[in-house]
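Please open the model in a viewer and keep the sequence panel at hand. The stops below proceed from one selection to the next.

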Amino acid sequence: MLIKRIILFSILCSLASLTWSAATLKNIRMAVQDKQVRLVLDLDTNINTRVFSLDNPNRLVIDLENTKLLNSYRHTLSTNKFIDKIRLGGESNKNLRVVVDLTRKAEFKYFIIPGSRTQNTRMVLDIDFNQSFSQPPVNKLSTVPLRDIKIVIDPGHGGKDPGAIGPNGTWESLVVLAVSRQLANQINKTSDMRAFLTRSDDSFVALRDRMEIAREQKADLFVSIHADALDNNTRVKGASIYILSNKGANDEASKRLAKRENENLGDISLSNKNDSLASVLMDLSQGVSIETSKEVGESILKELARVGTVRKKKVQQGSFLVLKSPDVPSLLIETTYISNPNEEKKLKDKKFQTRLAKAILQGIRNYFLVNPPEGTKLANNLKNGASILDYTVQRGDTLSEIAETYNVKITLLRSYNNISGSTIKVGQALRIPLYR
Ligand SMILES: [Zn+2]
């Protein structure tokens with residue numbers, strides 16, 4: 001048994017050292033009171049987790065995503081009349097699984113208390129053996145595997161089409177590829193979202209193909225990344241976000257931009273008759289996607305405003321061919337103006353690219369935290385309260401302080417609790433979504 005345990009630990013340790021881990025499980029504590037058992041998992045940071053029960057034999061499974069075991073941890077928990085055994089293992093080479101073998105059926109609930117400078121993050125699992133045995137387990141493992149939210153990222157232009165060229169010769173196609181790759185990396189570091197790039201190198205991809213990729217991938221969102229340019233103007237800077245319009249561009253600037261982005265070096269023109277017909281047919285079913293696209297766009301604009309200038313504070317609409325997927329919410333981000341030499345320099349800077357990517361990810365994530373698509377890991381986590389903290393407003397609390405304490409955006413707190421403005425009352429129950 002001891003040897004087995006040592007082997008398990010060496011496997012876990014070697015797996016953990018191979019992969020990047022965001023969280024470390026430092027300790028597991030157990031307390032028994034009457035017919036209740038409380039397990040506390042001490043962690044060094046917030047985590048995404050999933051807990052479910054299984055029968056034959058009765059057990060609870062705690063999956064800690066992107067978590068490793070502290071090297072010096074020694075598993076010494078004694079068993080009792082409720083808990084048969086607690087086992088540790090790696091579900092895959094980056095997740096940690098804790099299996100709690102129960103002597104009989106039980107109900108459970110769990111919550112996460114975020115850490116502070118002096119306190120660990122704690123995941124608290126309460127197992128209740130008071131319940132009638134005939135009741136089904138609260139949270140059975142779903143038979144349909146939960147999926148990641150899929151984001152297709154489209155670096156504009158590429159290959160023979162350099163896009164806009166900056167005053168110092170920087171190609172739009174190359175800098176937007178760098179930003180897109182950063183964004184994809186950051187998305188893939190989350191435990192519930194996956195990114196797919198329409199191009200991962202400097203190759204040419206036709207506009208229609210980019211859109212088709214989004215549909216084939218059954219993307220939850222399509223984001224095309226660009227850098228804008230103005231002739232004879234080197235001062236204009238800042239980001240804008242565009243979504244498809246049913247009625248065509250809503251101003252001259254959008255028309256000009258759509259014309260340029262659609263050209264894609266003579267790939268497919270909007271004036272082509274067959275294409276126009278196809279567009280009309282597509283437009284018919286685009287209402288819902290457009291509404292979603294607009295909301296995601298607004299969420300990203302808020303985040304982009306924190307990293308730099310936003311040129312157009314509202315989401316713009318235009319006839320962008322690349323956004324014409326009828327069933328995939330799509331948006332086009334002009335990160336800033338490559339025609340401004342200062343912005344051109346920034347666009348080449350890795351730190352600025354990272355900041356842009358972070359802001360875009362946060363904007364996307366804030367949207368999906370409030371609107372998680374059915375069947376996704378995120379929806380399941382939120383439904384099971386895995387990452388939600390129930391909080392009662394105390395005297396002296398302000399919404400902005402609560403947001404800061406729990407590291408959530410105030411806009412998200414508002415939308416999650418249906419609060420407009422900043423007024424909260426003592427004793428008011430708030431649900432706080434927690435995420436890394
Ligand atoms: Zn472009």
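**First stop: an open sheet**

Select T49, which stands opposite L64 in β4. The two residues belong to a pairing in which β3 and strand β4 (residues 59-64) run in the antiparallel sense over 6 bridges. Here, two strands pair if DSSP finds at least two bridges between them. Strands (E, at least two residues) and helices (H or I, at least four) are DSSP runs, numbered from the N terminus.

Before continuing, please note that this is a predicted model, in which local features need pLDDT of at least 70 and side-chain atom pairs count only at pLDDT 80 or more, while totals for chains, interfaces and linings use all residues. Residues are numbered from 1 along each chain as its sequence is written.

Extend the selection to the open sheet of 4 strands, whose order is β3-β4-β7-β6 with antiparallel pairing. At its edges are β3 (49-54) and β6 (83-90), each of which pairs on one side only. From one strand to the next, the twist averages 15°, with axes as lines fitted to C-alpha atoms and angles running from 0 to 180 degrees between N-to-C directions.

**Second stop: the partners of β9**

Select strand β9 (residues 121-128) together with strand β2 (residues 36-43); these pair in the antiparallel sense over 8 bridges. L43 has T121 in β9 as its bridge partner. Now add strand β8 (residues 107-113), which is joined to β9 by 7 bridges and runs antiparallel to it. K109 and D126 of β9 are bridge partners.

**Third stop: helices α7 and α8**

Select helix α7 (residues 341-348) and highlight its buried residues, E343, E344, K346 and L347. They lie on the same side of α7, because they cover an arc of only 165° around the axis; the arc is that of the directions from the helix axis to the C-beta atoms. A residue is buried if 20 or more other C-beta atoms lie within 10 Å of its own, exposed if 12 or fewer, and partly exposed in between, with C-beta atoms placed from the backbone.

Show next what the buried residues of α7 pack against: α2 (172-189), β12 (221-228), β15 (330-337) and α8. Two residues are in contact if their C-beta atoms, placed from the backbone, lie within 7 Å.

Finally, select helix α8 (residues 350-370). Of its 21 residues, 15 are buried, so α8 is largely enclosed by the rest of the structure.

**Last view: the whole chain**

Display the full chain, which has 11 helices and 17 strands. Of its 436 residues, 38% count as buried.
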